[in-house]
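Okay, thanks everyone, let's get going. I'll put the structure up and walk you through how it hangs together.

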Amino acid sequence: MFGNLPAYGFFIRHAENVNFANILLTTENKDDRPALYLDDVHNSEFQMMKLENAGSACHVLAKDCSDIILRENKVHGTAKVFTELNGNNNQNLFITNNVLLGVEKSHHPEDTKNAVIEFGNIKQYEEE
């Protein structure tokens, strides 16, 4: 009905107060899309999710979002980045206590000017 969406899991646009918990998102084959694509999402929380995919550039893409909490999630795959920030209006994205296996960086770009608050993440990049 909507064609090819920009996420293999959830594409959320123009939303507030979205809360996800205890969700498994995985693919059978390589998929270049992120698990979550957040566009203009505010005051929302995504916690205790398992995101498993090989080949995507990022697990979560946030475009012009604010007051987002990504907490206690576990990712496994070969994505370069956990959270990719697009747009110029991202602020208050909290990336906390996540297990980021196979991920090189918790967020990109790194010079986010107070857009990202990060702490307590476990990172272990797995070389192939």
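Let me start with one pairing: Gln-47 sits opposite Arg-71 in strand 7. Keep in mind that this is a predicted model. That pairing belongs to a set of five bridges that join strand 4 to strand 7, residues 66-71, with the two strands running parallel.

So let's stay with strand 4 for a bit. Which other strands does strand 4 run parallel to? Strand 1 is one of them, with six bridges joining it to strand 4. If you want a residue to click on, the partner of Ala-15 in strand 4 is Val-41. Then there's strand 2, residues 19-21, which is parallel to strand 4 and joined to it by three bridges. Here Asn-19 is the one facing Glu-45 of strand 4. And strand 6, residues 58-63, also runs parallel to strand 4, with four bridges between them. For that one, look at Leu-38, which stands opposite Ala-62 in strand 6.

Now, is strand 4 mostly covered or mostly open? Mostly covered: ten of its twelve residues are buried.

Next, the open sheet. It has five strands, in the order 3-5-8-11-14, and the pairing is parallel. What's at the edges? Strand 3 (24-26) and strand 14 (122-124), and each has just a single partner strand, so one side of each has no neighbour in the sheet. From one strand to the next, the twist averages 5°. At the strand 3 end, three bridges join strand 3 to strand 5, residues 50-53, and those two run parallel. Leu-25 has Leu-51 as its bridge partner in strand 5.

Hold on to Leu-51, because it takes us to the interior, as one of the residues that touch the most other members of the largest nonpolar core. That core has 27 residues, and Ile-12, Leu-36, Leu-38, Phe-46, Ile-68 and Phe-82 are up there alongside Leu-51. Where does the core come from? Strand 1, strand 4, strand 6, strand 7, strand 9 and strand 10 (91-96) supply at least two residues each. Strand 4 gives the most, with four residues.

Back to Leu-51 for its contacts. Setting aside neighbours within four places in sequence, Leu-51 is in contact with Tyr-8, Leu-25, Ala-35, His-59, Val-60, Lys-74, Val-75, His-76 and Phe-82. There's another core too, apart from the largest one, made of five residues that include Ala-7, Cys-58, Leu-61 and Val-81.

On to the rings. How many aromatic pairs does a search of the whole structure find? Three. Take Phe-11 and Tyr-37: the ring centres are 5.3 Å apart and the planes are at 80°, so this pair is edge-to-face. In sequence, these two are 26 residues apart, with Phe-11 in strand 1 (residues 10-16) and Tyr-37 in strand 4 (residues 36-47), so to speak a link between distant parts of the chain. Tyr-37 is buried, at 16% relative accessible area, while Phe-11 counts as partly exposed at 32%. Ring pairs also tie Phe-10, Phe-20 and Phe-46 into a cluster.

Last topic, the charges. A search of the whole structure turns up six salt bridges, and I'll show you three.

The first one on my slide is Asp-31 with Arg-33, where the closest N and O atoms are 2.8 Å apart. Is Asp-31 buried or exposed? Buried, with a relative accessible area of 15%. Arg-33, at 24%, counts as partly exposed.

Next up, Glu-52 and Lys-50 meet in a salt bridge at 3.6 Å, N to O. Both ends are partly exposed here, with Glu-52 at 29% relative accessibility and Lys-50 at 39%.

And then Lys-80 with Glu-104, at 3.1 Å, N to O. This pair links distant parts of the chain, 24 residues apart. Lys-80 is in the loop between strand 8 (74-77) and strand 9 (81-86), and Glu-104 is in the loop between strand 11 (99-101) and strand 12 (105-108). Lys-80 comes out as partly exposed at 48%, and so does Glu-104, at 37%.

That's my tour, happy to rotate things if anyone wants another look.

Note on methods: Residues are numbered from 1 along each chain as its sequence is written. This is a predicted model: local features need pLDDT of at least 70, side-chain atom pairs count only at pLDDT 80 or more; totals for chains, interfaces and linings use all residues. Side-chain values use heavy atoms; hydrogens and water are left out. A salt bridge is a side-chain nitrogen of Lys or Arg within 4 Å of a carboxyl oxygen of Asp or Glu. Buried means under 20% relative accessible area, exposed over 50%, partly exposed in between (1.4 Å probe, protein chains only). Rings of Phe, Tyr and Trp (its six-membered ring) pair if their centres lie within 6.5 Å; planes under 30 degrees apart count as stacked, over 60 as edge-to-face and the rest as tilted. Two strands pair if DSSP finds at least two bridges between them. Axes are lines fitted to C-alpha atoms, for helices over the stretch in contact, and angles run from 0 to 180 degrees between N-to-C directions. A nonpolar core is a set of buried Ala, Val, Leu, Ile, Met, Phe, Trp, Tyr and Cys residues joined through side-chain atoms within 4.5 Å. Contact means heavy atoms within 4.5 Å.
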